[in-house]
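Colleague: I would like to go through this model with you, one point at a time. Please give the cut-offs as the terms come up.

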Amino acid sequence: MKTIKDPVHGHVRVQKELLSLLDAPPVQRLRYIRQLGFSHLVYPGANHSRYEHSLGTMHLAGSMAAHLELDEGDQLLVKAAGLLHDVGHGPFSHATEFLMEEYCGRGHQDVSRIVKQSDVSEALDSVGIDPAEICEIVNGEHHLAGIIHGDLDVDRMDYLMRDAHYTGVPYGTVDPDRLIHSTAYTIDSGLHLRESGINSAESLLIARTLMRPAVYFHHVSRIAEAMAIFALKCHIEESGTDPELLFGMDDDAFICTLLTSPSSIAKDMAGRLKSRRLYKRALYVGKDRVNPASYAQDISSADGRRIAAEIAERAGVAEESVLVDIPAFPSDMRMGVQVENLHDLTSLDEISPLMRTLNETRKRQWRLGVYTLPEQRKSVEDAASEVLSIKKPTKQYRLIP
């Protein structure tokens, strides 16, 4: 047994069967992957890692497995899945996932390549865990997957608490003990929630909604991510580097690679990220001012560059000095969680009156961004407004630099 002091959960205990897995290189690599990508450029304390989060997820997964009275083999399986669920992340976590999906055809939840590596698979085999079951849990395809990959899973519980702790924002209020002890499991209905856990479940949903604009979609983080994505594309196109090698790097190796790239654009962007000389918002508008065609469909990186080139040409500036950020429009949160309501199981969506309000709030939080160099903001704003058919605001607001 190994005891690790954690600032969020106190003492996290790793049983001896999992120690060799804890020391496996793909898990140790997570020490050098920031949990929140570029959010440390907004919140200086947000330097926590995917490793810390994975330990916390393993800890909570173990607590829920023990509460559900799973047998020892399933408890060990669930803990191992919690420890491994994020080994598929690329550098700076979600910041580069968009391009990992585009170039490699997979997201961070596809851990099969990593779990089947000898150092991980041997550690799993030594304690009788099937690597295929780990993949099924992480992908949401296992009967116990709801513990790690579900609507009220321990992954979300940990990252909301941990991200709030390290950023200092007061919104990530979650009661994991209450949620865990309000969870039940049967073979027929799977994981479901007792009625006593409804308020805690609603609190988690509120936390997710409030953390989006304050942390996960903060405009400075979005600007930095857009710069990193553009730099990475330029590097891949000019260097011919195998994308798999890049997405297997940690944060520092990734930045160093871009700083020495044959692409002058990639080098410039990486230098700006490292010294926090970021682009600024030329345009930053919500759904009410945007042509519906701009958010009704997913925008590929190629579409984004085409739009940026058109804006740059109209503004009379260099193409690489304009970045377009059109995130996916948030779909309605629909909770598949079933709640014990008298003698029946009822969807939380039907019981909770908050769902409609939270979904409307998420839609109002959405923003389309166009970013550029500080001295070009006005010309790029005018050009972007024309290219994207941006409606004039009913009230005049001034963007704060």
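Modeller: One definition to begin with: buried means under 20% relative accessible area, exposed over 50%, and partly exposed in between, with a 1.4 Å probe and protein chains only. This is a predicted model, in which local features need pLDDT of at least 70 and side-chain atom pairs count only at pLDDT 80 or more, while totals for chains, interfaces and linings use all residues. Residues are numbered from 1 along each chain as its sequence is written, and side-chain values use heavy atoms, with hydrogens and water left out.

Colleague: Is S389 buried, partly exposed or exposed?

Modeller: S389 lies in the segment after α19 (377–387); helices (H or I, at least four residues) and strands (E, at least two) are DSSP runs, numbered from the N terminus. Its phi is positive, about 55°, although S389 is not a glycine. Because its relative accessibility is 41%, S389 counts as partly exposed.

Colleague: What is the phi of E69?

Modeller: E69 is in the loop between α3 (50–67) and α4 (72–84). With 71% relative accessibility, E69 counts as exposed. Most residues other than glycine have a negative phi. E69 is a residue other than glycine with a positive phi, near 60°.

Colleague: Within what arc do the buried residues of α7 fall?

Modeller: In α7 (residues 118–125), the buried residues are V120, S121, A123 and L124. The arc is that of the directions from the helix axis to the C-beta atoms. Seen down the axis of α7, these buried residues line one face of the helix, because they fall within an arc of 160°.

Colleague: Which helices do the buried residues of α7 pack against?

Modeller: Contact here means heavy atoms within 4.5 Å. The buried residues of α7 pack against α1 (19–22), α2 (25–28), α4, α6 (112–115) and α8 (131–138).

Colleague: Which helix gives the largest share of the largest nonpolar core?

Modeller: A nonpolar core is a set of buried Ala, Val, Leu, Ile, Met, Phe, Trp, Tyr and Cys residues joined through side-chain atoms within 4.5 Å. The largest one has 72 residues, and L21, L84, L124, I134, I147 and M157 have the most contacts inside it. Its largest share is eight residues, from helix α11 (residues 198–216).

Colleague: How many residues does the other core have?

Modeller: That core lies apart from the largest one. C104, I236, I255 and L278 are among its members, and its size is 35 residues.

Colleague: Which strands stand at the edges of the open sheet?

Modeller: Strands pair if DSSP finds at least two bridges between them. Three strands form the open sheet, in the order β5-β9-β6 with antiparallel pairing. One side of each edge strand is left without a neighbour in the sheet, because each has a single partner strand; the edge strands are β5 (280–285) and β6.

Colleague: What is the bridge partner of L323 in β9?

Modeller: Four bridges join β6 (residues 322–325) to β9 (residues 368–372), and the two run antiparallel. Both faces of β6 are covered: V322 and V324 are buried on one side, L323 and D325 on the other. In β9, L323 has as its bridge partner Y371.

Colleague: Which residue of β9 is the bridge partner of L283?

Modeller: β5 and β9 pair over five bridges in the antiparallel sense. In β9, the bridge partner of L283 is V370.

Colleague: What angle does the direction of α19 make with that of β5?

Modeller: Axes are lines fitted to C-alpha atoms, for helices over the stretch in contact, and angles run from 0 to 180 degrees between N-to-C directions. Helix α16 (residues 301–315) lies across β6 and β9, at about 135° to β6. α19 packs on the sheet and touches β5, β6 and β9. Its direction makes with that of β5 an angle of about 30°.

Colleague: How many disulfides does a search of the whole structure find?

Modeller: A disulfide is a pair of cysteine sulfur atoms within 2.5 Å. For C135, the nearest cysteine sulfur, that of C104, is 17 Å away. The sulfur of C256 is too far for a bond, because the closest cysteine sulfur, in C234, is 19 Å away. Over the whole structure, the number of disulfides found is zero.
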